[in-house]
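I opened this entry to keep a record of what I looked up, beginning with the chain as a whole and then moving to one helix pair and two of its residues.

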Amino acid sequence: MTVLLLGMAGGLGAGTRFMVDGLVRSLFRTALPFGTILINVTGSFLLGLVTGATLHGAPTDLQAVAGTGFLGGYTTFSTASVETVRLVQAGRPGLAALNALGTLGLTLLAAAAGVVVAGGF
C-alpha cells in the first residue's frame, strides 16, 4: 500500500511542480529561473518539516509518501542544474553562479528551518 501511495504522491508532486513553475514563469519573465528556485526552496522547507516530524515520532510512512513521493516529484534539482548550464551557454556566467550557489544556500537554509519549525535540533 505504501508503494502505491508513494507513486500517487510522486505524480501529484510532479503535477504541482508543473503548475507552480508555469504560474511563476507567467508572472516573472527573467533569465533567472525563479519558478525552479521557488519550487526547490519550498520543497526543501517542507522536507525539513517532514523529517523533523518523523524525528519526533510521526509515522515513517509519512516520510516515505510525503517526503520521497510528493516532495521527490515536486522538487527538481536536475532542472536547476540544466538551467544553470543554459545560463552559462547563454553567456550569463554571473546569473549561472547566482542560480547554482543561491539555490544551494537557500535550499539548505530552508531544510534546516523546516526541521527547526517541526521541533528538531
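**Overall layout**

I first read off the order of elements, which from the N terminus on runs α-α-α-α-α in the protein chain, and the tally agrees with that reading at 5 helices and 0 strands. I note here that I am working with a predicted model. Taken along the principal axes, the box filled by the C-alpha atoms comes to roughly 50 × 30 × 20 Å.

I then looked up burial, and found that buried residues make up 32% of the 121 residues in the protein chain. For the surface I noted an exposed area of about 6,900 Å², of which carbon and sulfur atoms supply 74%. Turning to contacts with a separation of 6 or more, I found that residues 24 or more positions apart account for 73% of them.

**The pair α4 and α5**

Two packed helices are described by the angle between their axes and the distance between the axes, so I looked up both values. Helix α4, residues 77-89, and helix α5, residues 93-117, pack at an angle of about 160°, and their axes are 7 Å apart. Because an angle over 145 degrees counts as roughly antiparallel, I entered α4 as roughly antiparallel to α5. The crossing of the two helices I recorded as left-handed.

Which residues make the contact between them? On the α4 side I listed F77, A80, E83, T84, L87 and V88, and on the α5 side P93, L95, A96, N99, A100, T103 and T107. Sorted by character, the residues of this contact divide into 8 nonpolar, 4 polar and 1 charged.

**T84 and N99**

I next asked myself whether T84, which lies in helix α4, is buried or exposed. Its relative accessible area is 15%, and since buried means under 20%, T84 is entered as buried. Leaving aside neighbours within four places in sequence, I found T84 in contact with A96, N99 and A100.

That list led me to N99, whose place is in helix α5 and which is also buried, with a relative accessible area of 2%. Not counting residues up to four places away in sequence, N99 touches A80, E83, T84 and L87, and I also listed L32, P33 and I37 among the residues it touches.

Finally, I looked up how N99 stands to G57: the two are 42 residues apart in sequence, and their C-alpha atoms are 36 Å apart in space.

Note on methods
Residues numbered from 1 in each chain as written. Predicted model: local features only at pLDDT ≥ 70, side-chain atom pairs only at ≥ 80, totals over all residues. Heavy atoms only, no water. Helix = DSSP H or I, 4+ residues; strand = E, 2+ residues; numbered from the N terminus. Buried < 20%, exposed > 50% of the residue type's maximum accessible area, 1.4 Å probe, protein only. Contact = heavy atoms within 4.5 Å. Areas by Shrake-Rupley, 256 points an atom, 1.4 Å probe, with all protein chains shown as cover. Axes fitted to C-alpha atoms, helices over the stretch in contact; angles between N-to-C directions. Parallel < 35°, antiparallel > 145°, perpendicular 65-115°, else oblique. Left-handed = near helix turned anticlockwise from the far one by under 90°. Nonpolar A, V, L, I, M, F, W, Y, C, P; charged D, E, K, R; others polar.
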